[in-house]
Amino acid sequence: MNRTPEEFLPLTPSILHILLALSAGEKHGYAMMREVDELSNGTVRLGPGTLYRSIKRMLDDGLIEEAGERQDPTLDDERRRYYRLAPFGVHVLALETERLERLLTVARQRQAKPLPARSSLGAT
């Protein structure tokens with residue numbers, strides 16, 4: 001993998017939400033789906049197919065990694081895989097957050113300006 005973090009931007013909504021979910025700590029797939037639903041107030045819903053395709057892609061790209069040993073494997077299904085942000089993923093998420101902050105700043109500045117009169121927009 002010789003890609004720069006900037007090459008991943010902008011992130012898709014699914015990838016962004018998964019990275020945000022993992023920024024709070026290691027999670028398995030179902031926990032990620034629940035967290036994304038919560039973070040987005042239900043506006044981003046990941047089905048299993050989208051989630052696991054995204055996980056595979058993020059693993060291949062070095063954004064996330066499979067977590068090692070669980071604290072208490074007897075309390076969990078041994079087939080369940082846990083994932084965490086890789087250092088590269090932390091960097092990509094930080095860059096995307098900065099990009100979105102700049103975009104939001106511009107959006108807020110433009111909304112603060114009065115809208116042009118309808119006649120100047122060519123409307124009749």
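1. Order of elements. Read along the sequence, the pattern is α-β-α-α-β-β-α. That makes 4 helices and 3 strands. The model is a predicted one.

2. Overall burial and contacts. The protein has 124 residues, and 32% of them count as buried. Its exposed surface is about 8,700 Å². Carbon and sulfur atoms supply 52% of that area. Take the contacts between residues at least 6 apart in sequence: 56% of these join residues at least 24 apart.

3. The sheet. The 3 strands form an open sheet, ordered β1-β3-β2, with antiparallel pairing. β1 and β2 (64–66) stand at the edges with a single partner strand each, so one side of each has no neighbour in the sheet. Between β1 and β3 the antiparallel pairing runs over 2 bridges. Here lysine 27 stands opposite tyrosine 83 of β3.

4. Helix α2. This helix covers residues 29–39, and its buried residues are Gly29, Ala31, Met32 and Val36. Down the axis of α2 they fall within an arc of 155 degrees, so they line one face of the helix. What do the buried residues of α2 pack against? Their partners are the helices α1 (13–22) and α3 (48–61), together with the strands β1 (27–28) and β3 (82–85).

5. Asparagine 41. This residue comes just after α2, in the loop between α2 and α3. Its phi is positive, at about 55 degrees, although the residue is not a glycine. Is asparagine 41 buried or exposed? Asparagine 41 is exposed: its relative accessible area is 72%, against a cut-off of over 50% for that class.

6. Helix α3, length and buried face. α3 has 14 residues. From its first C-alpha to its last it reaches 20 Å, close to the 20 Å expected at 1.5 Å a residue. Its buried residues are Leu51, Ser54, Ile55, Met58 and Asp61. Seen down the axis of α3, these fall within an arc of 135 degrees, so they line one face.

7. Helix α3, surroundings. The buried residues of α3 pack against the helices α1, α2 and α4, and against the strands β2 and β3. The face of α3 turned away from the buried side carries exposed residues: Pro48, Arg53, Lys56 and Asp60. Just after α3 comes glycine 62, with a positive phi of about 80 degrees.

8. The cis peptide. Which residues does a cis peptide bond join? The bond lies between leucine 9 and proline 10, with omega at about -5 degrees. Proline 10 belongs to the segment before α1.

9. Glutamate 96. This residue sits in helix α4 (residues 87–112). Its relative accessibility is 1%, so glutamate 96 counts as buried; the cut-off is under 20%. What does glutamate 96 touch, leaving aside its neighbours within four places in sequence? Its contacts there are Leu9, Pro10, Leu11 and Leu16. Both residues of the cis bond, leucine 9 and proline 10, appear in that list. A polar atom of the glutamate 96 side chain lies 3.2 Å from the backbone nitrogen of leucine 11.

10. Places to look in the model. For positive phi, go to asparagine 41, just after α2, and to glycine 62, just after α3. For the cis bond, go to leucine 9 and proline 10. For the polar side chain by the backbone nitrogen of leucine 11, go to glutamate 96.

Conventions:
Residues are numbered from 1 along each chain as its sequence is written. This is a predicted model: local features need pLDDT of at least 70, side-chain atom pairs count only at pLDDT 80 or more; totals for chains, interfaces and linings use all residues. Side-chain values use heavy atoms; hydrogens and water are left out. Buried means under 20% relative accessible area, exposed over 50%, partly exposed in between (1.4 Å probe, protein chains only). The arc is that of the directions from the helix axis to the C-beta atoms. Contact means heavy atoms within 4.5 Å. Two strands pair if DSSP finds at least two bridges between them. A polar contact is a pair of N or O atoms within 3.5 Å; within protein, one must be able to donate a hydrogen and the other to accept it, and residues adjacent in sequence count only if both atoms are side-chain atoms. The expected span of a helix is 1.5 Å times one less than its number of residues. Accessible areas come from the Shrake-Rupley method with a 1.4 Å probe; for residues, only the protein chains shown count as cover.
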